[in-house]
Amino acid sequence: MKERKDETTSQVEHTVTEVSRRNFLKKAVPVIAGVGLAGALGADRVFGSAQTPPPSPGTVLATASYVIFHQKVFYAQNGNTGQIDYSGTDATTVIQSAVDALADGGLVFVRRGIYPLTGSIVLGQGIHLLGEQGAILKVGDGSQNSLNPFNMLEVKGDDVTIENLELDGNAGSNPNLAGTTLQPPPANPNMQSAIVVLSGQNPEILNCYVHDTWNAGVWLAAFDGDVEGAEIASCHIKRTGRSYTDPSSSNLPQSANGVYVFGVQGATSRSNIHDNELSDTLGRRIYLHFDTDSIITNNILTKIPEPSTETAGIVVDDGAKRIIIRGNQISRYGPGILVVWAGCEDIIVEANNCFDAPNSGGSGSGILVDTSTANGPALRTVIIRGNICKGNALPGITVSASETIVEGNICYDNNKDSGDTPERRAGILLQTGQSSIISNVSIIGNRCFDEQFNPTQNYGISVSEMGSQITDILISNNDLRGNGVGAIGELTCSQRRVTGNLGYNPQGIATIPVGGSPFTYTNQDGVPEAVYITGGVVSEISKGGAVIFTSTPATVWLEPDESVIVAHLDPPQMLKDRH
């Protein structure tokens, strides 16, 4: 995974070493030492300060392969000769001509101004498309139609960088084509996205402002080959995926997201999606589908809550493996983080804040790990650790996955819009989902409470088999004090141990009602206990298939889920002493 760039350095300042690695200036004079590429070009970040005006035609530029600028018409000025190689009234044609001239890659620098696009610009191997502050690529008014439903930028080659540009999809002045295709659902139409990576290794999308698209903001699509090692960083993505909720859509695109990672023909892997801001977007925000070995870190995701269908903040779906989701701030997406469907494994969800998820079609948890189909293996090997889930419509964390650890999370003031049964309104809910069996789950060291004047989080933890089976569960050392009703709500599972939880784990002596002979008592209290048997007429007391006593008084030690069988002619008294 590519190393994150120094946050204190301008996103457009590449050192001589990096320029050499990427071969961006193969046809240009080297950057002056100590000035950097941005200084040599007079470029600022997208949100930076003003800079020098565009050059006059004929000026020798020794810093870029091509400089694109606009003076009545659009020009592509050769950075080696200073000559105008391409010009015309169509920005798309001029920029594409400059890119096509760089067979071995190079830097194409876009001066400030608005560049209306009438079709896709395709970026081949080694191209670095860099904008100065105020450089805007914008879909032209009415340019997209049923015969020309283009993406703005398409990447087809290794080591391509798109940096410091504003990409305006101009959805308000172009028809919704992505949401009205005849593709069988779930549709993934290759149209009306801002950036689509068709193939390539190590593509970079850095410090861009992407907004107002009908389809995806950025799509790692692998239409023409695998996409590996992509970095999407320090971008602001806003109002993308508009066809996902637009009333004119007749076929909602699954691809209508902020960032979409789904290989249509090839595979996607090793993506690094970090330090982006995604706001007021309409579909899901970051969606990884069949992906492997990727990291989603330190992103900020916010929106106006919509209590309609599920629009998750971060989605990991359909057999994704070895994914890390860490340090993200997610508010008002329902759910905040969703790991879903079947076959996902080796997923880490750590140190995220998930607040205020609406009840979006029953998907209003802060974190939802959900085996949502019976037609595949249950989700497994998931770690959910160190997250804070507050004020969500449903439980803070809901899990239906095996071989899973839920540890060190804080879940409070949740279930604010829940229609579920009172026993399931918990900070942490373990359930089976669509799986026939969920097993080997450890819920350890979490803090669950409700501090509202009218509590909505009834319990700290609930375990609900939902007519299927949950087995081999450890609930240990959680602090479950201060919920609306109690510490643990439902506890319908087998082979469990519940120990050391503050606010739960009743101790002391309690009576066991004795039934007809032979009478079987099973320890379902989740803690070790001593069973005292006195009086009556008893012939056998057995445990684990072996007779251990033939009369009373007797004391039998039982671990959770162990049983004792008493054969009697006259029932004895039985007491349990829980520890």
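Buried means under 20% relative accessible area, exposed over 50%, and partly exposed in between, with a 1.4 Å probe and protein chains only. This is a predicted model: local features need pLDDT of at least 70, side-chain atom pairs count only at pLDDT 80 or more, and totals for chains, interfaces and linings use all residues. Residues are numbered from 1 along each chain as its sequence is written, and side-chain values use heavy atoms, with hydrogens and water left out.

**Exercise 1. Overall make-up**

Task: state what share of the 579 residues is buried, and how many helices and strands the protein has.

Solution.
- Start with burial: buried residues make up 57% of the 579.
- Count the elements next. There are three helices and 52 strands. Helices (H or I, at least four residues) and strands (E, at least two) are DSSP runs, numbered from the N terminus.
- Turn to the surface. The protein exposes about 21500 Å², of which carbon and sulfur atoms supply 51%. These areas come from the Shrake-Rupley method with a 1.4 Å probe; for residues, only the protein chains shown count as cover.
- Finish with contacts, meaning heavy atoms within 4.5 Å. Among contacts between residues at least 6 apart in sequence, 70% join residues at least 24 apart.

**Exercise 2. Confidence**

Task: find where the pLDDT is below 50.

Solution.
- pLDDT is the predictor's confidence in each residue, from 0 to 100. The protein averages 88, and 88% of the residues score at least 70.
- Residues 1-40 fall below 50; beyond near neighbours in sequence, this stretch has 84 contacts in the model.
- Residues 57-61 also lie below 50, with 16 contacts beyond near neighbours in sequence.
- Where pLDDT is low, the predicted coordinates should not be read in detail.

**Exercise 3. The 12-strand sheet**

Task: give the strand order of the open sheet of 12 strands, and name its edges.

Solution.
- The order is E5-E8-E11-E14-E18-E22-E25-E28-E31-E34-E37-E40, with parallel pairing. Two strands pair if DSSP finds at least two bridges between them.
- The edge strands are E5 (113-117) and E40 (447-449), each pairing on one side only.
- From one strand to the next, the twist averages 10°.
- Take one pair: E8 (residues 135-139) and E11 run parallel over three bridges. Lys 138 has Asp 168 in E11 as its bridge partner.
- Add the helix. H3 (residues 91-100) packs on the sheet and touches E5 and E8; its direction makes about 95° with that of E5. Axes are lines fitted to C-alpha atoms, for helices over the stretch in contact, and angles run from 0 to 180 degrees between N-to-C directions.
- Check the cover of H3: seven of its 10 residues are buried. Among them are Val 94, Ile 95 and Val 99.

**Exercise 4. Strand E32**

Task: work out which way each residue of E32 points, and which strands pair with E32.

Solution.
- In a regular strand the side chains alternate between the two faces of the sheet.
- In E32, Ile 367, Val 369 and Thr 371 point one way, and Leu 368 and Asp 370 the other. Five of the five residues in E32 (residues 367-371) are buried.
- E29 (residues 337-341) pairs with E32 in the parallel sense over five bridges. Leu 338 has Leu 368 as its bridge partner.
- E35 (residues 397-400) pairs with E32, also parallel, over four bridges. Val 399 in E35 stands opposite Val 369.

**Exercise 5. Nonpolar cores**

Task: place Ile 367 and Leu 368 in their cores.

Solution.
- A nonpolar core is a set of buried Ala, Val, Leu, Ile, Met, Phe, Trp, Tyr and Cys residues joined through side-chain atoms within 4.5 Å.
- The largest has 100 residues; Ile 367 is one of those that touch the most other members, as are Tyr 115 and Leu 137. H3 gives the most to this core, with five residues.
- Leu 368 belongs to a second, separate core of 14 residues, which also includes Val 196, Ala 221 and Tyr 287.
- Leaving aside neighbours within four places in sequence, the contacts of Ile 367 include Ile 337, Val 349, Cys 354 and Ile 397.

**Exercise 6. Ser 193**

Task: is Ser 193 buried or exposed?

Solution.
- Locate Ser 193 in the loop between E11 (166-168) and E12 (195-201).
- Its relative accessibility is 1%, so Ser 193 counts as buried.
- Beyond neighbours within four places in sequence, Ser 193 contacts Asn 151, Met 152, Asn 215, Ala 216 and Trp 219.
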